[in-house]
Amino acid sequence: VVNTHRNVVRLFDATRKWFGFGPDDVWTLFHSYAFDFSVWELWGALLHGGRLVVVPYEVSRTPGAFLDLLADHGVTVLNQTPSAFYQLAQADASRPGRRLALRTVVFGGEALQPSRLADWYERHADDAPLLVNMYGITETTVHVTYQPLTRERATGASASVIGVGIPDLRTYVLGPGLELLAPGVVGELYVAGACVARGYLGKPGLTAERFVADPYAAEPGARMYRTGDLVRRNPDGELEFVGRADH
């Protein structure tokens, strides 16, 4: 995927009001640089003058050792796939004496099961740390949506709510003919705006198939990315992840 420095910088500008990252934050580089989540981890720390702790591979595969690293380095911003965090939460439950400095945990990379966070919330307050679910894909520069979580949401949610779009992009729920669908109706998610990548390197056919003209944009030549993910809008205007269109 061919992306730009501009796309990465605007991601942090557009989400600044939600996170307030700064020079006192300590991040971990937990993921491989081949995974787009690492772009958020690496530049989230460096663009704000923070500190980045590179997690050894063996530690990243051992939840107890990773919990120790978080505590020893005073990590404040953690980024995890839900499946990795579930294991970390189990380690946290088995070692209640370990004090963490976390203020924000961002989920991405796979669908979150909110009910599996109930045990975490038995030991931690809603805002210490704040848990945030963010849906995204490489072709739209890591993150697309934002959904802060609470104990009430975790225990009462029946679907994976991925939240609202980042302010400088547009999210459409469309039918087979690219028609806009009403709230509650399941359709394919298309993403447009400043986040959209240039395309796939050396693959013009695939680029033309996935990056298509945006019929709802005010500016000429605007494109949107066809995600292949099925979603619906709930009564609060938030997006709920349903599954893949090709499954």
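**Salt bridges, rings and a domain interface**

Hi everyone, let me start with one residue: Arg 123, with a relative accessibility of 29%, counts as partly exposed. Please keep in mind throughout that this is a predicted model.

What does Arg 123 pair with? Its partner in a salt bridge is Asp 92, and the closest N and O atoms are 2.8 Å apart. Asp 92 sits in helix H6 and Arg 123 in helix H7, 31 residues apart, so here distant parts of the chain are linked. Asp 92 itself counts as buried, at 4% relative accessibility.

Let me stay with charged pairs for a moment. In general, side chains of opposite charge can pair when their charged atoms come close. How many salt bridges does the structure hold? The count is 16.

One of them is between the side chains of Asp 25 and Arg 103, at 2.9 Å from N to O. This pair also links distant parts of the chain, 78 residues apart: Asp 25 is in the loop between H2 and strand E1 (26-29), and Arg 103 is in the loop between helix H6 (82-94) and strand E4 (104-107). Are these two buried or exposed? Asp 25 counts as buried, at 5% relative accessibility, while Arg 103 counts as partly exposed, at 31%.

Another salt bridge brings together the side chains of Asp 68 and Arg 95, 2.7 Å from N to O. Asp 68 belongs to helix H5 (residues 63-73) and Arg 95 to the loop between H6 and E4, so this pair ties together parts 27 residues apart in sequence. The relative accessible area of Arg 95 is 31%, which makes Arg 95 partly exposed. Asp 68 and Arg 95 are also members of a network: together with Asp 72 and Arg 98, they are joined by salt bridges that share partners.

Now for the rings. A pair of aromatic rings is described by the distance of the centres and the angle of the planes. The structure holds 15 aromatic pairs, and I picked two to show you.

Take Trp 18 and Tyr 146 to begin with. These rings are stacked, with 4.1 Å from centre to centre and 5° between the planes. Why is this pair a link across the sequence? Trp 18 lies in helix H2 (residues 16-19) and Tyr 146 in strand E6 (residues 145-148), so parts that are 128 residues apart are tied together. Trp 18 counts as partly exposed at 22% relative accessibility, whereas Tyr 146, at 10%, counts as buried.

The other pair is Phe 35 and Phe 37: their ring centres are 5.8 Å apart and their planes stand at 80°, so this one is edge-to-face. Phe 35 is partly exposed at 28% relative accessibility, and Phe 37 is buried at 1%.

Trp 18 and Tyr 146 come back in one aromatic cluster, where they are joined by Phe 12, Phe 19, Phe 21, Trp 27 and Trp 40.

Let's zoom out to the domains. The protein is divided into domain 1, residues 5-161, and domain 2, residues 169-244. Taken over C-alpha atoms, their centres are 26 Å apart. How many residues are in contact? There are 16 from domain 1 and 18 from domain 2. The size of an interface is often given as the accessible area lost when the parts come together. Here the two domains bury about 1300 Å² between them, with 60% of it on carbon and sulfur atoms.

For the polar side of this interface, the rule finds 1 salt bridge across it, and 9 residue pairs are in polar contact between the domains. On the domain 1 side, helix H1 (5-14), E6 and strand E7 (160-165) each supply at least two of the residues that touch domain 2.

Finally, some backbone geometry for the torsion fans. Most residues other than glycine have a negative phi, and most peptide bonds are trans. What is the peptide bond from Ala 128 to Pro 129? That bond is cis, with omega near 5°, and Pro 129 is in the loop between helix H7 (118-123) and strand E5 (130-133).

Val 142 has a positive phi, near 75°. Val 142 is in the loop between E5 and E6 and is buried, at 7% relative accessible area. Leu 178 also has a positive phi, near 65°. Its place is the loop between strand E8 (169-174) and strand E9 (187-193), and at 27% relative accessible area Leu 178 is partly exposed.

Thanks for listening!

Definitions and conventions
Residues numbered from 1 in each chain as written. Predicted model: local features only at pLDDT ≥ 70, side-chain atom pairs only at ≥ 80, totals over all residues. Heavy atoms only, no water. Phe/Tyr/Trp six-rings, centres within 6.5 Å; stacked < 30°, edge-to-face > 60°. Helix = DSSP H or I, 4+ residues; strand = E, 2+ residues; numbered from the N terminus. Buried < 20%, exposed > 50% of the residue type's maximum accessible area, 1.4 Å probe, protein only. Domains from an automatic or database assignment. Contact = heavy atoms within 4.5 Å. Buried area = accessible area lost by both parts, 1.4 Å probe. Salt bridge = Lys/Arg side-chain N within 4 Å of Asp/Glu carboxyl O. Polar contact = N/O pair within 3.5 Å; in protein donor to acceptor, adjacent residues only side chain to side chain.
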